[in-house]
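Me: Could you take me through the packing in the nonpolar core of this model, slowly and with the criteria spelled out?

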Amino acid sequence: MYCPKCGSNNSEDAAFCTLCSARLNSEPRYHTAETLAKHPGENTATWSLIWGLVAILVFGPLGIVAIILGNNAKKMGFTGGQATAGIILGWVALILMVISIIMIVILLAVGAPILQEIINSV
Ligand SMILES: [Zn+2]
C-alpha cells in the first residue's frame, strides 16, 4: 500500500506510514457497506411513497401501508422527503376515502326522499 502523503510503499495491513506516519487509507475495503448504511430505510421510504400514490389513485385503504412503511423508514433513521411524502399521501388517501363514503351516505339520505317525491308526483 502506497502512502497518500509521501508515496512510500508500506505493508498492506499497515495503519500508518512508516516514513511520515500519515494515516493510511484503508477505507475502500468498507466502502460498499458504508454506502449502504448511509441511507438506512431509503428503500422502505420509496415504497411508502409508491403505496401512497397507489392509495390515492387506485384504492384508499392502501394508504395504511404507505403510513406504516413511512413510519418504519423514519424509525430506521431515514430523514429524506420520501418517507414524509408517503405518510402524507397515505393519510390523504384515507381521508379522501372517508369523505367519499360520507358523501355517498349523504347523497343517499338526501337523494332518496327526492327520488320518492319524483316517483309520487308522476
Ligand atoms: Zn508517508
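Reply: What follows looks at the core and then at the helices around it.

This is a predicted model, in which local features need pLDDT of at least 70 and side-chain atom pairs count only at pLDDT 80 or more, while totals for chains, interfaces and linings use all residues. Residues are numbered from 1 along each chain as its sequence is written.

The largest nonpolar core (buried Ala, Val, Leu, Ile, Met, Phe, Trp, Tyr and Cys residues joined through C-beta atoms within 7 Å) has 14 residues, and Ala55 and Ala66 have the most contacts inside it. Two or more residues come from each of helix H2 (42-57), helix H3 (63-75) and helix H4 (81-121), helices being DSSP runs of H or I with at least four residues, numbered from the N terminus. Beyond its neighbours within four places in sequence, Ala66 is in contact with Ser48, Trp51, Gly52, Ala55, Gly86, Ile87, Leu89 and Gly90, a contact being two C-beta atoms, placed from the backbone, within 7 Å.

The axes of H2 and H4, which are lines fitted to C-alpha atoms over the stretch in contact, come within 7 Å and cross at roughly 20°. H2 and H4 are therefore roughly parallel, the term for angles under 35 degrees.

Ile67 lies in helix H3 and counts as buried because 22 C-beta neighbours fall inside 10 Å, where the cut-off is 20 or more other C-beta atoms within 10 Å. Again leaving aside neighbours within four places in sequence, Ile67 is in contact with Ile87, Gly90 and Trp91, and its C-alpha atom is separated by 9.5 Å from that of Ala85, 18 residues apart along the chain.

Definitions and conventions
Buried ≥ 20, exposed ≤ 12 C-beta atoms within 10 Å, placed from the backbone. Axes fitted to C-alpha atoms, helices over the stretch in contact; angles between N-to-C directions. Parallel < 35°, antiparallel > 145°, perpendicular 65-115°, else oblique.
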